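Open the model in a viewer and keep the sequence panel beside it. The stops below say what to select and what is there.

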Amino acid sequence: SHPNSPHVNVAAVQEQWERSIQLNTDFDDPMSLSDSRSFQEISVANQAKIDLKQKQVRLGSILTPTIDFSYFRSLNQEEQESAEQIYRFEVSQYEKKNRRCSRCHGVYLNDHFNSLRGKVCMSCTKVSKKFSLENSFHPVWYNDDGDVQWTVPEVLSCLRIGEQMLIQRYSPYAPLVHIKNGTFGCKVCRR
């Protein structure tokens, strides 16, 4: 029998599609298939992907946004496919997290780390001695007890921008790019 026959629950397929969007999992449309066996196989495969991602959500390794699909359901098929791309992009950006490297103290997106629980970025993993106190890579200072301090000293925290520029060690060149409506992006140049 054809998947569009009366025993096929179109609302269930729509719900599965929406859940795959919210969890940002791949979704193969079973309604495009001509036989009910293929329809069932694709539906089961889609549900397996959703269940796997749902398990990650329950374990707390990822977070998902709450999406109200009432507007999405009011659109026709073509508009829904366009809106799906926007929803998926928003969900993928929601999943991005930044983390701080325990060695170089740089802040990166989580895909710059070897694992979700890793505390050292990939740059520090490749070059283990690059970021250390001995090579003075970071501007640190020592208090009277000889302890390393990573914060700005109190006497320097009240300096104006011009005064800070006069005493800085180096000035990196980072051109700003106007993106849209007053939003700027930073382009890092490596020399």
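Select glutamate 163, which is partly exposed at a relative accessible area of 30%; buried means under 20% relative accessible area, exposed over 50%, and partly exposed in between, with a 1.4 Å probe and protein chains only. Add arginine 160, the salt-bridge partner of glutamate 163, with the closest N and O atoms 3.8 Å apart. A salt bridge here is a side-chain nitrogen of Lys or Arg within 4 Å of a carboxyl oxygen of Asp or Glu. Arginine 160 has 60% relative accessibility and so counts as exposed.

This is a predicted model, in which local features need pLDDT of at least 70 and side-chain atom pairs count only at pLDDT 80 or more, while totals for chains, interfaces and linings use all residues. Residues are numbered from 1 along each chain as its sequence is written, and side-chain values use heavy atoms, with hydrogens and water left out.

**Whole chain**

Now colour by secondary structure. The protein chain has 6 helices and 6 strands; these are DSSP runs numbered from the N terminus, helices being H or I of at least four residues and strands E of at least two. Their order along the sequence is α-α-α-α-β-β-α-β-β-α-β-β. Of the 191 residues in the protein chain, 23% are buried. With contact meaning heavy atoms within 4.5 Å, 39% of the contacts between residues at least 6 apart in sequence join residues at least 24 apart. Turn on the surface: the protein chain exposes about 14300 Å², of which carbon and sulfur atoms supply 54%. Such areas come from the Shrake-Rupley method with a 1.4 Å probe, and for residues only the protein chains shown count as cover.

**Helix 1**

Select residues 10-23, which are helix 1. Helix 1 has 14 residues and reaches 20 Å from its first C-alpha to its last, close to the 20 Å expected at 1.5 Å a residue; the expected span is 1.5 Å times one less than the number of residues. Its buried residues are Val13, Gln16, Trp17, Glu18, Ser20, Ile21, Gln22 and Leu23. Show helix 2, helix 3 (70-73) and helix 4 as well, since the cover over these buried residues includes them.

Which residue follows helix 1 with a positive phi? It is asparagine 24, with phi near 60 degrees.

**A salt bridge between helices**

The structure holds 5 salt bridges. For one of them, select glutamate 18 and arginine 73, whose side chains meet at 2.8 Å, N to O. Glutamate 18 is in helix 1 and arginine 73 in helix 3, so that the pair links parts of the chain 55 residues apart. At 5% relative accessibility, glutamate 18 counts as buried.

**Helix 2**

Move to residues 36-59. Helix 2 has 24 residues and should span 34 Å at 1.5 Å a residue; its end C-alpha atoms are 35 Å apart, which agrees. Phe39, Ser43, Asn46, Ile50, Lys53 and Gln54 are buried in helix 2, and what covers them includes helix 1 and helix 4 (77-95).

Within helix 2, pick glutamate 41 and arginine 37, a salt bridge with its closest N and O atoms 3.4 Å apart. These residues are separated by about one helical turn, because they are 4 residues apart in helix 2. Glutamate 41 is partly exposed at 47% relative accessibility, and arginine 37 is exposed with a relative accessible area of 63%.

**The loop between helices 1 and 2**

Select threonine 25, in the loop between helix 1 and helix 2. Threonine 25 counts as buried at 8% relative accessibility. Leaving out residues up to four places away in sequence, threonine 25 touches Ser20, Lys49, Ile50, Lys53 and Arg88.

**Aromatic rings**

Rings of Phe, Tyr and Trp (its six-membered ring) pair if their centres lie within 6.5 Å; planes under 30 degrees apart count as stacked, over 60 as edge-to-face and the rest as tilted. The count comes to 5 aromatic pairs. Phenylalanine 69 and phenylalanine 72 are an edge-to-face pair, 5.6 Å centre to centre with 70 degrees between the planes. Phenylalanine 69 is buried at 5% relative accessibility, and phenylalanine 72 is buried at 0%. Extend the selection to Trp17, Phe27 and Tyr87, which form one aromatic cluster with Phe69 and Phe72.

**Surface patch**

Finish with Val152, Val155, Leu156, Leu166 and Ile167, a nonpolar surface patch with about 540 Å² of accessible area together. Patches are made of residues with over 30% relative accessible area and no salt bridge, like charges being joined within 9 Å and nonpolar side chains (Val, Leu, Ile, Met, Phe, Trp, Tyr) within 5 Å. Valine 155 lies in the loop between strand 4 (148-149) and helix 6 (161-167), and is exposed with a relative accessible area of 67%.
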